[in-house]
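Dear colleague,

Please find below the structure I promised to hand over, together with its sequence. My findings follow underneath.

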Amino acid sequence: MTSSSIVLIILITSVATYISRVLGVLTSERLSIKSKIFSWFNYVAYSILAALISRMIIFPAGALLESTLLIRFIVIAVCVVVFIYTKKNLVLPTVLSFVLFTFLVSVQ
Amino acid sequence: MIHIKSYLQGLKSLIGIRSPALALAASFIALGAIFKQAGFSLEQSIASSLFTYALPGQLVMTESYLLGASLINIFISVWLVNFRFYPMTVALMPALQHKSQPRWKYYLSCHFLAVSSWLIMKDGYKKIDKKYRLDYWIGIGSGTLSSAVLSTLFGYLISDYLNNNMMIALAIVNPVYFLCMMIGAMKNIKTTIAIVIGIILGPLFYLTIPEWSILIAGFIGGTAAFLMKGKNNDI
């Protein structure tokens, strides 16, 4: 493929992504934060994200495929405990996940 | 046009112990390296993160490009994988509405919507004066988007130095960050139910209907939580 077709692909990807965001704004225009529809969308959004994260961990795509599920579970369990124990510090678990995962993958 | 104090307050979410910067950096550095290997130019890689700013969609785009998929196929697969932004935007924007804010700001700033910025905003918007929540959101969004773009640039430039084990390790950081944020969001029983059902059903449905698994799992989990007895919380 030529360089111009890469540009076209980037443009198409950006439009396909922006559509969902902008449709969300359109729907939101007359939606009150107190309405039941807002509340339903709120739970659906949380549930979708939870499903996405869980799928990313259990059935990953790309580089994570080269690690075992057990290693991913160990790293995640340790990091979640650190997150809760440090009263919701996010930097520490993210740094730790990288270090611990690198170590476990290299010895597996 | 913009309330500077609230904007800066949003931008400040990038620093401190709850910063998303490292998680964003890890995934977009990896993405920059993937773009380099796929044969994209530096400018194209930066443009992709700047104008798409949605990691799964950008990965789908790269895979499809390498497989030689048609433009219409790329459009449909990216649209489907990023459709989660629709319910996420609807679950956020009503909380940012104020009659003093011009409409165009909503249409431009919705581009900042991503999992990290959404979770940060949902976590913190109640502390912000209703009138300036949109400016706070623009602060969060411009900070997270800039981190993503700069990390893509950095990843592209250092791709030759990233070995396979490092690429694998970079890929775990984002799921860990997201999961911790989700656990932090379990502040009431109904949201917790929505999250737990999503966590269980997401991978289960993936086995049978991979393309639709996330959306259907979320639809079921969210509806179940909504229909449960009890007060609907707007977090």
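In chain A, the C-alpha centres of domain 1 and domain 2 are separated by 21 Å. Please bear in mind that this is a predicted model. The domain assignment splits chain A into domain 1 (1-30), domain 2 (31-62) and domain 3 (67-108).

For chain B, the assignment gives domain 1 (4-173) and domain 2 (186-235). The C-alpha centres of these two domains of chain B are 23 Å apart. Contact between them involves four residues of domain 1 of chain B and four residues of domain 2 of chain B. On the domain 1 side of that contact in chain B, two residues are nonpolar, two are charged and none is polar.

I turn next to the contact between the chains. Chain B contributes 85 residues to it and chain A contributes 71 residues. On the side of chain B that touches chain A, helix H10 (residues 164-185) of chain B provides the largest share, with 17 residues. Sorted by class, this side of chain B holds 60 nonpolar, 21 polar and four charged residues.

One helix pair across this contact deserves a separate description. Two packed helices are described by the angle between their axes and the distance between the axes. For helix H2 (residues 36-58) of chain A and H10(B), the angle is about 145° and the axes are 10 Å apart. Their crossing is left-handed. From H2(A), the residues involved are Tyr46(A), Leu49(A), Ala50(A), Ile53(A), Met56(A) and Ile57(A), and they meet Pro175(B), Phe178(B), Leu179(B), Met182(B) and Ala185(B) of H10(B). By class, this contact of H2(A) with H10(B) has 11 nonpolar residues, with no polar and no charged ones.

H2(A) also matters for the account of the core. The largest nonpolar core has 114 residues, and the members that touch the most others are Leu49(A), Ile53(A), Ala26(B), Ala30(B) and Val173(B). H2(A) supplies the largest share of this core, namely 15 residues. Two of the residues just named, Leu49(A) and Ile53(A), also belong to the set through which H2(A) meets H10(B).

Which residues surround Ala30(B), leaving aside its neighbours within four places in sequence? Ala30(B) is in contact with Ala63(A) from the other chain, and with Gly155(B), Met167(B), Leu170(B) and Ala171(B) from chain B. Of these, Met167(B), Leu170(B) and Ala171(B) fall within the range of H10(B), residues 164-185.

With kind regards

Conventions
Residues are numbered from 1 along each chain as its sequence is written. Chains are lettered from A and ligands numbered from 1 in the order in which they are written. This is a predicted model: local features need pLDDT of at least 70, side-chain atom pairs count only at pLDDT 80 or more; totals for chains, interfaces and linings use all residues. Two residues are in contact if their C-beta atoms, placed from the backbone, lie within 7 Å. Helices (H or I, at least four residues) and strands (E, at least two) are DSSP runs, numbered from the N terminus. Ala, Val, Leu, Ile, Met, Phe, Trp, Tyr, Cys and Pro count as nonpolar, Asp, Glu, Lys and Arg as charged, and the others, Gly among them, as polar. Axes are lines fitted to C-alpha atoms, for helices over the stretch in contact, and angles run from 0 to 180 degrees between N-to-C directions. A crossing is left-handed if the near helix is turned anticlockwise from the far one by less than a right angle, and right-handed if clockwise. A nonpolar core is a set of buried Ala, Val, Leu, Ile, Met, Phe, Trp, Tyr and Cys residues joined through C-beta atoms within 7 Å. A residue is buried if 20 or more other C-beta atoms lie within 10 Å of its own, exposed if 12 or fewer, and partly exposed in between; C-beta atoms are placed from the backbone. Domain bounds come from an automatic or database domain assignment.
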